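Reader: I should like a close look at one part of this model, followed by its wider packing. Please state the cut-offs behind each term.

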There are 2 protein chains.
Amino acid sequence: MNAALSEFDLIARYFKRAVPGGMVGGGDDCALFTVAPGMQVATSTDLLLEGRHFFSDVDPFTLGHKTLAVNLSDLAAMGATPVGCLLGLGLPTIDESWVARFAEGFYTQAEAFNCPLLGGDTTRSLHGITLSVTVFGTVNSSLTMRRNAAQAGDEIWVSGELGAADIACRMIAGQAPMDAALLKATRAALETPTPRIALGQALAAHAHAAIDISDGLLQDLSHVLHASGCGATLDEAAIPVHPALQPLLTAPGAQARLRQAILAGGDLYELCFTAPVTAHAAIRVLGAQLNIPVTPIGMVTQAPGLVVYDRSGHAIADLPACFDHFRTK
Amino acid sequence: MNAALSEFDLIARYFKRAVPGGMVGGGDDCALFTVAPGMQVATSTDLLLEGRHFFSDVDPFTLGHKTLAVNLSDLAAMGATPVGCLLGLGLPTIDESWVARFAEGFYTQAEAFNCPLLGGDTTRSLHGITLSVTVFGTVNSSLTMRRNAAQAGDEIWVSGELGAADIACRMIAGQAPMDAALLKATRAALETPTPRIALGQALAAHAHAAIDISDGLLQDLSHVLHASGCGATLDEAAIPVHPALQPLLTAPGAQARLRQAILAGGDLYELCFTAPVTAHAAIRVLGAQLNIPVTPIGMVTQAPGLVVYDRSGHAIADLPACFDHFRTK
């Protein structure tokens with residue numbers, strides 16, 4: 001065992017054999033395989049474990065919702081149109097009311113995004129609840145947004161507003177002082193995120209690269225930059241902050257916690273994407289049409305590295321650590 | 001909690017909302033969705049938990065092999081051509097030699113059946129090893145073998161020889177007396193099954209219905225009969241028995257154990273299929289060409305129910321129970 005080996009290193013080392021031409025393997029939001037000329041299937045899978053990805057007392061409805069939503073978010077980051085999904089469900093016992101509520105939550109997303117549950121696997125687990133979800137969508141081969149497609153000079157954008165999911169998660173986990181009003185205002189961002197399917201589909205004609213912010217803005221953007229061989233500068237003041245977190249901007253001692261939430265908070269499922277400046281106006285129009293905030297927060301640079309300028313214009317020296325399931329904290 | 005509710009009841013009750021036209025939802029070996037005229041994608045997912053689906057001291061190479069093989073077997077039962085797969089891997093710690101061996105086993109199947117690993121998800125688990133595998137294949141829409149397509153008058157066939165996996169599993173689990181020579185001769189059937197991909201593809205032009213024997217011959221055949229609205233008769237003497245089990249046919253007191261293994265033993269991954277008698281000769285030729293035994297073992301009947309005639313021609317009154325992950329044994 002090597003505690004310093006991150007999950008990404010692990011995947012890269014043992015599970016990255018070449019895939020045939022026309023396919024996209026691990027490392028993007030979705031894998032892609034070609035099924036007909038001009039048409040690819042985008043697919044993504046998530047493994048979710050009780051005690052690690054969700055709390056044992058989570059409302060099964062919100063768990064069902066989120067389980068599918070986070071995978072739809074991967075389709076959104078590829079600009080894909082959902083086709084269907086599969087569900088693996090490991091349960092220690094059959095609690096019918098739990099299953100019914102979970103199914104209700106799951107189907108809210110399946111039905112809202114035309115992503116019917118096509119099949120799956122059910123088994124009794126020995127320890128806690130285990131979920132695996134796989135989604136499929138179709139994409140026009142010429143319009144996919146790929147993680148390695150960012151170009152120097154691109155603007156970097158995010159959808160929605162950042163920070164709420166992380167703030168809620170840390171209060172629930174006891175890592176931050178409980179503030180009932182703040183939890184109430186942020187909990188939905190954590191538990192019932194909205195995948196940006198329509199935005200992803202619309203962006204595919206304009207954006208170069210896209211990723212959904214599941215591990216944290218800096219980490220996810222770093223994946224794009226690394227794959228694209230670029231660097232970036234971000235402007236902290238430009239990053240849209242969830243309205244419920246506005247008081248933290250001026251509360252004594254809260255800035256570090258807010259910065260952590262904005263720059264490193266995961267579980268967010270907004271899109272971070274890069275696009276040429278010539279697409280700026282079109283992207284503004286798209287955001288307005290879909291009623292989804294879209295905000296430019298920085299630029300892709302030829303020089304490698306990721307520099308974040310703080311509200312007074314200085315480069316932040318000590319960027320917060322991002323989330324890594326395997327790294328010992 | 002309702003201990004008498006089987007996993008199949010559970011799935012049927014909460015996760016069987018209708019799927020759009022042209023798709024096949026849960027209940028077949030694979031789900032199907034249409035991606036182009038005449039072309040469908042077949043997909044299947046499995047959730048495998050340490051302590052339930054495999055033993056904690058299993059050789060990681062054989063675990064990697066089997067994890068993909070059992071999913072390829074679902075593609076085989078649809079007559080699909082493998083395209084690729086996804087892997088979810090939950091590990092309590094990162095043991096690099098374990099991961100390397102697991103990957104080696106997994107890739108033997110990925111490479112043997114042209115089913116590249118396209119992506120996945122890796123996470124640290126709190127309790128034991130969790131695996132989820134999803135496979136994709138393409139099928140010609142007009143040639144898929146469907147679970148509901150058996151017709152009265154069809155012959156019922158199985159590929160390969162039955163019983164070895166169950167005999168090995170019970171010895172390893174301590175449910176049957178250990179016989180080192182017998183374990184040695186049967187262990188490969190349990191740990192490194194061969195998915196019948198080429199046979200499934202070839203059968204698609206001839207067979208009506210097919211299923212892979214993962215839960216046990218009687219249970220899996222019952223799924224076909226139930227979905228097709230038919231019954232069947234089977235001839236126990238016709239069912240091909242694994243060569244290593246031949247001594248059990250005459251050993252004192254071993255017949256019940258053998259019958260259990262043949263009729264109800266799961267984890268087998270041979271194909272059970274039905275085809276019109278007019279296809280009999282063609283199927284014999286296919287088996288010879290592929291060097292895979294194919295054996296007719298009974299007939300589909302219009303009358304419902306499943307009757308197995310024993311070696312003396314009497315209907316077996318007390319058929320062995322089949323495997324059900326959720327049923328309390």
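Author: A:Gln109 belongs to helix α3 (residues 96-112) of chain A; helices (H or I, at least four residues) and strands (E, at least two) are DSSP runs numbered from the N terminus. The model is predicted, so local features need pLDDT of at least 70 and side-chain atom pairs pLDDT 80 or more, whereas totals for chains, interfaces and linings use all residues. Residues are numbered from 1 along each chain as its sequence is written, chains are lettered from A and ligands numbered from 1 in the order written, and side-chain values use heavy atoms, without hydrogens and water.

With a relative accessible area of 6%, A:Gln109 counts as buried (under 20%; exposed is over 50%, partly exposed in between; 1.4 Å probe, protein chains only). Leaving aside residues up to four places away in sequence, A:Gln109 touches A:His65, A:Leu68, A:Ala69, A:Leu72, A:Pro193 and A:Pro195, contact being heavy atoms within 4.5 Å.

Elsewhere in chain A, helix α9 (residues 280-290) has A:Ile283, A:Leu286 and A:Gly287 as its buried residues. Because these cover an arc of only 95° around the axis, they lie on the same side of α9(A); the arc is taken from the directions from the helix axis to the C-beta atoms. A:Ala281, A:Ala288 and A:Gln289 are exposed on the other side. The cover over the buried residues includes β6 (155-159), α6 (197-203), β9 (271-275) and β10 (294-301) of chain A. After α9(A) comes A:Asn291, with a positive phi near 60°.

In chain B, an open sheet of six strands follows the order β7-β9-β6-β10-β8-β11, with mixed pairing (two strands pair if DSSP finds at least two bridges between them). β7 (209-212) and β11 (305-309) of chain B each have a single partner strand, so one side of each edge strand has no neighbour in the sheet. From one strand to the next, the twist averages 25°; axes are lines fitted to C-alpha atoms, for helices over the stretch in contact, and angles run from 0 to 180 degrees between N-to-C directions. β7(B) runs antiparallel to β9 (residues 271-275) of chain B, joined by four bridges, and B:Ile211 has B:Cys272 as its bridge partner in β9(B). Helix α2 (residues 60-78) of chain B packs on this sheet, touching β7 and β9 of chain B, and its direction makes about 175° with that of β7(B).
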